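Me: Could you take a close look at one loop of this protein, and at the parts of the chain that surround it? I would like one connected account rather than a list.

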Amino acid sequence: MAIRILLLSMFMMFSQIGQASAAMDYDFFGNLPYHNTVLRFDFDVSTTGDRTFFSSSWDDGGFDPMLGLWSAAGNKIEFQDDGLNTGSTASNGVFYTHGKWDSYYTVNLVPGSYILTLSTYNNFNVGDLLSQGFDFDGTNPIPIASWDQPANGYRTSNYAFHILNVDRAVIDDPTVPTPEPSTIILMGLGFGALALLRRNRQRDV
């Protein structure tokens, strides 16, 4: 009976792995250490359609964020400071509020890989290529909590933003691991198998 349960669990888990490539929402939360820090996030889409990107931290006291969208080759697709969209939007079944100075936009994307960047206002992109960098590159880093941000004053270093309707999204930072859905499922399968083996050994003693 226990073996049947394990086999059924394996079937259900691997079925979920097959569905892991389906479009989903990704939510990212953290702290931006310095005024000139630029975070990069990589994501993929497998179908043509609208994708929404928005921050939800400015209205909670976080710094004024800017979200840039780039092709895998680093060509600018969209770069926005203020979304001017006050309200709330659902991501993974949770409604997140966003204020006037949060970034918010929707872009129709074709299948491929893309890059999203998060920076502070007014650390704008220098040009239409990501490789050209940002205005604050090379300046002395100032901790966000100690920075009098232009047009905003002193704000917290917290950020929260959301990528909707994509296949995969990860932060391009080795110090912040983002497990793949299939990895989490396989880990659960392994723990379940170990627990079952331990139970069978106890019965044999």
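The reply below looks at the loop that holds Ser-57 and Trp-58.

Reply: The model is a predicted one, and the loop is best read against the whole chain. The protein has two helices and 11 strands, and the order from the N terminus places one helix ahead of the run of strands and the other after it. Of its 205 residues, 41% count as buried, and among contacts with a separation of 6 or more, 76% join residues 24 or more positions apart.

The loop in question runs between β3 (49-55) and β4 (65-71), and Ser-57 lies in it. Because its relative accessibility is 6%, below the 20% cut-off, Ser-57 counts as buried. Leaving aside residues up to four places away in sequence, Ser-57 touches Gly-62, Asp-102, Asn-158, Tyr-159 and Ala-160. With Ala-160 there is also a polar approach, since a polar atom of the Ser-57 side chain lies 3.2 Å from the backbone nitrogen of Ala-160.

The loop also holds Trp-58, whose partner Trp-101 sits in the loop between β7 (94-98) and β8, 43 residues apart from it, so that the pair links distant parts of the chain. The ring centres of Trp-58 and Trp-101 are 6.4 Å apart and the planes stand at 85 degrees, which makes the pair edge-to-face because the angle is over 60 degrees. The two differ in exposure: Trp-58, at 18% relative accessibility, counts as buried, whereas Trp-101, with a relative accessible area of 30%, is partly exposed. This pair is one of 16 aromatic pairs that a search of the whole structure finds. Elsewhere, Trp-70, Phe-79, Tyr-121, Phe-124 and Phe-134 form one aromatic cluster.

The strands that border these contacts can be placed as well. An open sheet of four strands runs in the order β1-β10-β3-β8, and its pairing is antiparallel. Its edges are β1 (24-31) and β8 (104-109), each of which pairs on one side only, and from one strand to the next the twist averages 15 degrees. Strand β10 covers residues 158-166 and pairs with β1 in the antiparallel sense over seven bridges; within that pairing, Asp-27 has His-162 of β10 as its bridge partner. Asn-158, Tyr-159 and Ala-160, which are among the residues that Ser-57 touches, thus belong to β10, because that strand spans 158-166.

How values were computed. Residues numbered from 1 in each chain as written. Predicted model: local features only at pLDDT ≥ 70, side-chain atom pairs only at ≥ 80, totals over all residues. Heavy atoms only, no water. Buried < 20%, exposed > 50% of the residue type's maximum accessible area, 1.4 Å probe, protein only. Contact = heavy atoms within 4.5 Å. Polar contact = N/O pair within 3.5 Å; in protein donor to acceptor, adjacent residues only side chain to side chain. Pairing = 2+ DSSP bridges. Axes fitted to C-alpha atoms, helices over the stretch in contact; angles between N-to-C directions. Phe/Tyr/Trp six-rings, centres within 6.5 Å; stacked < 30°, edge-to-face > 60°.
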